[in-house]
Amino acid sequence: DLPETMAVREKLLPESGTISQIAMSAMEDWGSEISEQNVPVLILIEGLTMYLNAKDVQQIFKVISSRFSKATVFVETMNPMVRHFKEKSIDASNAKFNWGIKNGKALAELLPGFRFVEEHSLTEGMAVFAPIYKLLDKLPTVRNISNKIIVLEKEL
């Protein structure tokens with residue numbers, strides 16, 4: 001995460017054991033800060049892509065591709081209609097939703113060297129907590145505009 005966010009995080013969740021934190025942009029070469037090599041990695045990208053643009057998302061995946069030989073990436077995305085959404089939780093920060101993508105296959109097409117594995121909608125995940133979401137997930141319109149967790153793998 002960015003340095004100012006990491007300063008707060010370090011106070012709340014200090015590093016310990018095998019957990020370490022890197023204070024830099026996701027578009028920078030954070031992969032060079034990780035000493036492990038030639039091991040499979042799982043990378044989670046959550047709450048980020050919707051604030052970026054396609055070029056920035058591609059840059060993040062270039063960092064992953066250049067550093068790791070075997071990587072599985074779980075990435076949260078929003079629908080392309082994201083620019084029209086207003087979110088109260090980010091209003092005070094002046095942050096804006098900028099980017100979204102239709103589905104995991106479309107995302108994989110933007111990312112050379114990565115293949116689409118699967119995707120899950122937010123409504124699908126929320127059904128575990130609130131049964132009404134099971135019904136909502138069956139509605140194509142709701143399912144299509146819902147945030148998604150897309151699973152991609154780096155192709156060898």
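Guide: Let's start with a term: a polar contact is a pair of N or O atoms within 3.5 Å. Keep in mind that this model is predicted.

Visitor: Okay, what makes the pair at the start of helix 2, Asn53 and Lys55, a polar contact?

Guide: A side-chain oxygen of Asn53 comes to within 3.0 Å of the backbone nitrogen of Lys55. The cut-off is 3.5 Å, so the pair counts.

Visitor: How do you know that the span of helix 2 agrees with its number of residues?

Guide: Helix 2 runs over residues 54-67, which is 14 residues. At 1.5 Å a residue it should span 20 Å, and its end C-alpha atoms are 20 Å apart, so the two agree.

Visitor: Which residues of helix 2 are buried, and which are exposed?

Guide: Val57, Ile60, Phe61, Val63, Ile64 and Arg67 are buried. They cover an arc of only 145 degrees around the axis, so they sit on the same side of helix 2. On the other side, Lys55, Lys62 and Ser66 are exposed.

Visitor: What covers the buried residues of helix 2?

Guide: The cover includes strands 1, 2, 3 and 4, along with helix 4. Take Ile64: among its contacts beyond four places in sequence are Trp30, Ile43, Val73 and Phe114.

Visitor: Which element gives the most to the largest nonpolar core?

Guide: That core has 23 residues, and Phe61, Ile64, Leu107 and Leu152 have the most contacts inside it. Helix 2 gives the most, with five residues.

Visitor: Why is Ala71 called buried?

Guide: Buried means under 20% relative accessible area, and Ala71 has 1%, so the label fits. Ala71 is in strand 2, and leaving out residues up to four places away, it touches Val41, Ile64, Leu152, Glu153 and Lys154.

Visitor: And why is Glu153 called partly exposed?

Guide: Glu153 has 22% relative accessibility; partly exposed lies between 20% and 50%, so that is where Glu153 falls. Arg115, at 37%, is partly exposed for the same reason, because 37% lies between those limits too.

Visitor: What makes Arg115 and Glu153 a salt bridge?

Guide: Side chains of opposite charge can pair when their charged atoms come close. The closest N and O atoms of Arg115 and Glu153 are 2.7 Å apart, and the limit is 4 Å, so the pair qualifies. The two residues link distant parts of the chain, with Arg115 in strand 3 and Glu153 in strand 4, 38 residues apart.

Visitor: How many salt bridges does a search of the whole structure find?

Guide: One.

Technical notes: Residues numbered from 1 in each chain as written. Predicted model: local features only at pLDDT ≥ 70, side-chain atom pairs only at ≥ 80, totals over all residues. Heavy atoms only, no water. Helix = DSSP H or I, 4+ residues; strand = E, 2+ residues; numbered from the N terminus. Buried < 20%, exposed > 50% of the residue type's maximum accessible area, 1.4 Å probe, protein only. Contact = heavy atoms within 4.5 Å. Expected span 1.5 Å × (residues − 1). Arc of directions from axis to C-beta. Polar contact = N/O pair within 3.5 Å; in protein donor to acceptor, adjacent residues only side chain to side chain. Core = buried A, V, L, I, M, F, W, Y, C linked by side-chain atoms within 4.5 Å. Salt bridge = Lys/Arg side-chain N within 4 Å of Asp/Glu carboxyl O.
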